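Student: Please take a close look at one helix pair and what lies around it. I would like one connected account.

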Amino acid sequence: MESTNNITEFILLGLSQNKKIKALCFLMFLFCYIAILGGNMIILISITCSQLIEQPMYFFLNYLALSDLCYTSTVTPKFLTDLLLERNIISYTSCMAQLFTMHFFGGIEILILTVMAYDRYVAICKPLHYSIIMSKGRCHAMVTACCAGAFIHSFLQSLLAISLPFCGHNEMDHYFCDIYPLLTLSCTNTHRVGLLVVANSGMMGLVTFVVLMWSYYFILYTIRAYPAESRSKALSTCSSHVTVVIFFFVPVLFIYIRPATTYPEDKVFALFYTILAPMFNPLIYTLRNTEMKNALRKVWCHKLFFI
């Protein structure tokens, strides 16, 4: 597709044009962003400074917290700034950069969640082989594979966006640059590109979600024969993982699995996976995890003691 482009910037319409609503949203999402930074930084420091980093589950959780920080930071700072401004503008280059980085870190998060599900599957269903299967070298290889897979996904998504021609209309009914809002602004038939987006983003999300839910179903089926104490611990760990998966994937699937159309509700659903899920992940993984809570006490009580 030949790309002809006389657009140098896009106007982001954001969540609302009402000044009072924008001010309220600024305060609310500023609090959310501070909570995201604080919560995920606490997880990063707590795991890195404790023995938990040696355990595969917490090794992956460490990278999940890091990807959460990077992912939400591709969208939220610009979003918060725009809530204070009258006219919200993003250059064409910045828009493409935001699209690439958002899908890159979002892809890492999706794949890390998949690896975490595999880790729990091996730990519960093949406990005798766990230390061999989930060796340190293999864990590092899995994280590298997650980054490589996310890069390929993001590169293809960005390639589709860059190939789109824009001829005049540049008002985007969203608060960040994403592929579907860009498709509505393009001055060509985007049906084929829309199908490629569904194949790249939608099917990636759907297949990953199905694999995740199947693995957790298999885990729950396996632990039926476990003693009550072991079953309770496994259920506690898996339930927190499933909560994160549903909270993140349902809005993602709502947006990316359908044909290339946009709805006003898309902006609200996007808030779930760009801001709310990264904010709740630290709470879900710490409040329902005894080992994580113990690590928090040891690391932070030790630091406070020596201040």
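Tutor: Helix 2 passes helix 4 in a left-handed crossing. The model is predicted. Helix 2 covers residues 56-73 and helix 4 covers residues 92-125. Their axes come within 9 Å and cross at roughly 160°. Angles over 145 degrees count as roughly antiparallel, so helix 2 and helix 4 are roughly antiparallel to each other.

Now the contact itself. Helix 2 contributes Pro56, Met57, Phe60, Leu61, Tyr63, Leu64, Ser67, Asp68, Cys70 and Tyr71. They meet residues of helix 4 that include Met102, Phe105, Gly106, Ile108, Glu109 and Ile112. Leu113, Val115, Met116, Asp119 and Arg120 of helix 4 also take part. By class, this contact has 15 nonpolar, two polar and four charged residues.

The UniProt record, an unreviewed entry, places transmembrane regions at stretches including residues 57-76 and 96-118. Over residues 57-76 the chain is 90% helix and 0% strand. The end C-alpha atoms of that stretch are 28 Å apart.

Helix 4 has another partner, a sheet. Three strands form this open sheet, in the order 2-1-3, with mixed pairing. Strand 2 (89-91) and strand 3 (171-172) are the edge strands, and each pairs on one side only. Strand 1 (residues 9-12) pairs with strand 2 in the antiparallel sense, over three bridges. Ile11 has Ile89 in strand 2 as its bridge partner. Helix 4 packs on the sheet and touches strand 1, strand 2 and strand 3. The direction of helix 4 makes about 85° with that of strand 2.

How values were computed: Residues numbered from 1 in each chain as written. Predicted model: local features only at pLDDT ≥ 70, side-chain atom pairs only at ≥ 80, totals over all residues. Heavy atoms only, no water. Axes fitted to C-alpha atoms, helices over the stretch in contact; angles between N-to-C directions. Helix = DSSP H or I, 4+ residues; strand = E, 2+ residues; numbered from the N terminus. Parallel < 35°, antiparallel > 145°, perpendicular 65-115°, else oblique. Left-handed = near helix turned anticlockwise from the far one by under 90°. Contact = heavy atoms within 4.5 Å. Nonpolar A, V, L, I, M, F, W, Y, C, P; charged D, E, K, R; others polar. UniProt positions renumbered as here; feature names shortened; annotations may be inferred. Pairing = 2+ DSSP bridges.
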